[in-house]
Amino acid sequence: MRMPHYNFGNGPAIVFLHGFPFNRSMWREQTEFLSGHGYRVIAPDLRGLGENVAQTSACESSSSSDHRLKSVPLATMEAMARDVAALMDELKIDSAAICGLSMGCYVAFELIQIFPSRVKALVLCGPRASGPDETEKASREAQAQRVLHEGMGFAVESISKTLLAAATVRDKPDVVARVTEMVLQTDPGGAAAAQRGMAARRDYSSDLANIKVPTLIIAGREDGVRTPADAEFIERGIKESQLLVIDDAGHLMNMEQPHVFNDAMLDFLRTT
Ligand code: MLT
């Protein structure tokens, strides 16, 4: 099944993997900039998200014991990674630099584990390697149930509280509006499936030592979702990695500080 995706430019390929509950439009500034600098840029909507709603019904059934939720699907990080590899096959891309943000990093960790030869370099934005504990699993299940019963409206609250830096909320109403629109456009079934997929993810900590490709880790200094310790742990774990912390940026640092982000990414890609 074909994933809705951007495919711009010519040159070495970069595949962008969006975060949750977002879609490929979060990479707009990066696709424009990098396709104008000699790269082929691919950005799919991951399973169940963005315009990729048809794939939600292709996800496996969850094993919820709640009879109301039995038919709600589960979109695993591994299934998302396999979708990305299938898209690369379709587009005749043998290997690419992979840039993920948050949930997109979980998918990137799966991709490099399952298909190591297809990943030439990694850019990990707002990443975390550790797996979910029981509290996180319960919280994700509660969020999944809430979104199924109420829709996406309640998720908008977190945008100014935890997702974006204070300066973004104050000075960049266009970014706040774009993020709000992405969240509200997300299909509740797809969001619930992705929440359950994240609750079922592996702990990627022990994968880090096996990652041998050049890796750039990017963190927003005011990220309210990921801690600096998460990024530092990954930097220590991946031998060929470097960490950039962007000021006046939160969890969506590529949208909040696109110029700083794009320049750093271009400098990094030119060294790979
Ligand atoms: C994301 O931005 O993708 C989410 O924060 C991921 C997560 O909930 O772990």
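This briefing walks through the sheet, the helix packing and a few backbone oddities of the structure above. Keep in mind that the model is predicted. At its heart for our purposes is an open sheet of seven strands with mixed pairing. Two helix pairs are worth a look as well: α2 with α3, whose axes are 8 Å apart, and α4 with α8, whose axes come within 9 Å. On the backbone side, there's a cis peptide bond between F20 and P21, plus positive phi values at K92 and D248.

**The sheet**

- Reading across the sheet, the strand order is β1-β3-β2-β6-β7-β8-β9.
- The edges belong to β1 (5-8) and β9 (241-246), each of which pairs on one side only.
- On average, and ignoring direction, neighbouring strands in this sheet are turned by 15° against each other.
- β2 (residues 13-17) runs parallel to β3 (residues 40-44), and three bridges join the two. If you want a landmark there, I14 sits opposite V41 in β3.
- β2 also pairs with β6 in the parallel sense, this time over four bridges. Here L17 is the residue to pick out, standing opposite G100 in β6.
- β6 and β7 run parallel too, joined by six bridges. L101 has C125 in β7 as its bridge partner.
- How much of β6 (residues 96-101) is buried? Six of its six residues are, and the strand is described as mostly covered.

**A helix across the sheet**

- Helix α9 (residues 228-237) lies across three strands: β7 (119-125), β8 (215-220) and β9.
- Relative to β9, helix α9 runs at about 160°.

**α2 against α3**

- Helix α2 (residues 77-90) packs on helix α3 (residues 103-114) at an angle of about 70°. An angle from 65 to 115 degrees counts as roughly perpendicular, so that's the label for α2 and α3.
- The crossing of these two helices is right-handed.
- From α2, the contact takes in M77, E78, M80, A81, R82, V84 and A85; from α3, it takes in M103, Y106, V107, E110, L111 and I114.
- What's the chemical make-up of this contact? Its residues divide into 10 nonpolar, no polar and three charged.

**α4 against α8**

- Helix α4 (residues 134-150) and helix α8 (residues 188-199) cross at roughly 175°. Anything over 145 counts as roughly antiparallel, so α4 and α8 get that description.
- On the α4 side, the contact residues are K137, R140, E141, Q143, A144, V147 and L148.
- On the α8 side, they are P188, G189, A191, A192, Q195, R196, M198 and A199.
- The tally for this contact is eight nonpolar, three polar and four charged.

**Backbone oddities**

- The cis peptide bond between F20 and P21 has an omega of about 0°. P21 belongs to the loop between β2 and α1 (28-35).
- K92 isn't a glycine, yet its phi is positive, near 60°. You'll find K92 in the loop between α2 and β6.
- Why does K92 count as exposed? Its relative accessibility is 71%, and the cut-off for exposed is over 50%.
- D248 is another non-glycine residue with a positive phi, near 50°. The loop between β9 and α10 (253-256) is where D248 sits.
- At 39% relative accessibility, D248 counts as partly exposed.

Key: Residues are numbered from 1 along each chain as its sequence is written. This is a predicted model: local features need pLDDT of at least 70, side-chain atom pairs count only at pLDDT 80 or more; totals for chains, interfaces and linings use all residues. Side-chain values use heavy atoms; hydrogens and water are left out. Axes are lines fitted to C-alpha atoms, for helices over the stretch in contact, and angles run from 0 to 180 degrees between N-to-C directions. Angles under 35 degrees count as roughly parallel, over 145 as roughly antiparallel, 65 to 115 as roughly perpendicular and the rest as oblique. A crossing is left-handed if the near helix is turned anticlockwise from the far one by less than a right angle, and right-handed if clockwise. Contact means heavy atoms within 4.5 Å. Ala, Val, Leu, Ile, Met, Phe, Trp, Tyr, Cys and Pro count as nonpolar, Asp, Glu, Lys and Arg as charged, and the others, Gly among them, as polar. Two strands pair if DSSP finds at least two bridges between them. Buried means under 20% relative accessible area, exposed over 50%, partly exposed in between (1.4 Å probe, protein chains only).
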